[in-house]
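Dear colleague,

I am passing a structure on to you with this message, and below it I have set out what was found. Please keep the structure open beside the text as you read.

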Amino acid sequence: MSLKDEIDGHTVLAGLLAHPAGHSMSPAMYNATFEKLGLNDAYLSFDVDAPELAHALQAMRSLHFLGGNLSMPNKQKAIPLLDKLSPAAKLIGAVNTIVNDHGVLTGHITDGTGFMQALSNDGLDIRGDKMTLAGAGGAGTAIAIQQLWTVFGKSTFLIVVMLRGKMPNVMWPSLMTKHKAMRHCLHSMINRR
């Protein structure tokens with residue numbers, strides 16, 4: 001039986017809000033999961049560029065979506081449009097997942113937890129190991145933060161990312177810490193320029 005034969009008046013929607021969105025494999029992945037779990041849910045991709053994002057998020061509330069996922073260019077643009085943010089999303093300044101809880105939209109960033117879970121599922125424990133990330137975009141930053149949270153705990157670290165000699169504004173005052181060694185490291189990096 002195909003998905004279109006199973007959609008009825010009780011089917012709940014979820015979806016990807018991205019631009020472009022037509023190439024996404026997310027509908028196939030999520031709809032297969034919904035079917036396997038016996039859920040009356042459907043996942044679609046919506047081509048939503050940043051100027052339409054506020055309307056799309058309001059539609060998500062009004063149409064009682066489960067929630068959805070965001071991709072570029074919407075990961076950062078959504079933040080002021082959401083009702084709540086997870087601690088990681090606040091820290092990173094980006095969201096890739098939205099949960100709709102009776103009209104209250106909460107943004108999450110799941111790249112870091114997903115990456116760490118995938119390593120764990122493969123029997124890899126990198127706590128205490130050196131890790132090299134190629135790139136410091138939304139996913140790379142989320143992975144770095146999740147690794148530090150896994151090792152040190154959620155309130156005991158500082159990440160410093162230098163972009164052309166400047167601190168990214170999404171990370172700067174929210175990442176201050178009381179640990180002397182980390183403050184010293186930050187001070188050394190800034191004075192080295």
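**Helix, sheet and core**

In this predicted model, helix H2 (residues 26-37) lies across S2 and S3, and runs at about 170° to S2. To place that helix in the whole, it helps to know that the chain has 8 helices and 6 strands, and that from the N terminus on the elements follow the order α-β-α-β-α-β-α-β-α-β-β-α-α-α.

The strands come together in an open sheet of 6 strands with mixed pairing, and the order across the sheet is S2-S1-S3-S5-S6-S4. Strand S2 (41-47) and strand S4 (84-85) stand at the edges with a single partner strand each, so one side of each has no neighbour in the sheet. Further in, strand S3 (residues 67-70) and strand S5 (residues 97-101) run antiparallel and are joined by 3 bridges, and Gly67 stands opposite Val99 in S5. As background, strands of a sheet pair through backbone hydrogen bonds, either parallel or antiparallel.

Which residues touch the most other members of the largest nonpolar core? Of its 22 residues, these are Leu17 and Leu57, and the elements that give two or more residues to this core are helix H3 (53-62), helix H5 (87-92) and helix H7 (138-152). Leaving aside residues up to four places away in sequence, Leu17 touches several others, including Phe46, Val48, Leu53, Leu57 and Met60. There is also a second, separate core of 6 residues, and among them are Ala14, Ala21, Phe34 and Tyr43.

A search of the whole structure finds 3 aromatic pairs. In one of them, Tyr30 and Phe34 form a tilted pair, with 6.2 Å centre to centre and 45° between the planes. These two residues are 4 residues apart in helix H2, and are therefore separated by about one helical turn. Tyr30 is partly exposed, with a relative accessible area of 27%, whereas Phe34 counts as buried because its relative accessibility is 10%, which is under the 20% cut-off. Another tilted pair is formed by Phe46 and Phe65, with 6.0 Å centre to centre and 50° between the planes. Because Phe46 lies in strand S2 and Phe65 in the loop between H3 and S3, this pair ties together parts that are 19 residues apart in sequence. Phe46 counts as partly exposed at 27% relative accessibility, while Phe65, at 8%, counts as buried. Finally, ring pairs link Tyr30, Phe34 and Tyr43 into a cluster.

With best wishes

Technical notes:
Residues numbered from 1 in each chain as written. Predicted model: local features only at pLDDT ≥ 70, side-chain atom pairs only at ≥ 80, totals over all residues. Heavy atoms only, no water. Core = buried A, V, L, I, M, F, W, Y, C linked by side-chain atoms within 4.5 Å. Buried < 20%, exposed > 50% of the residue type's maximum accessible area, 1.4 Å probe, protein only. Contact = heavy atoms within 4.5 Å. Pairing = 2+ DSSP bridges. Axes fitted to C-alpha atoms, helices over the stretch in contact; angles between N-to-C directions. Phe/Tyr/Trp six-rings, centres within 6.5 Å; stacked < 30°, edge-to-face > 60°.
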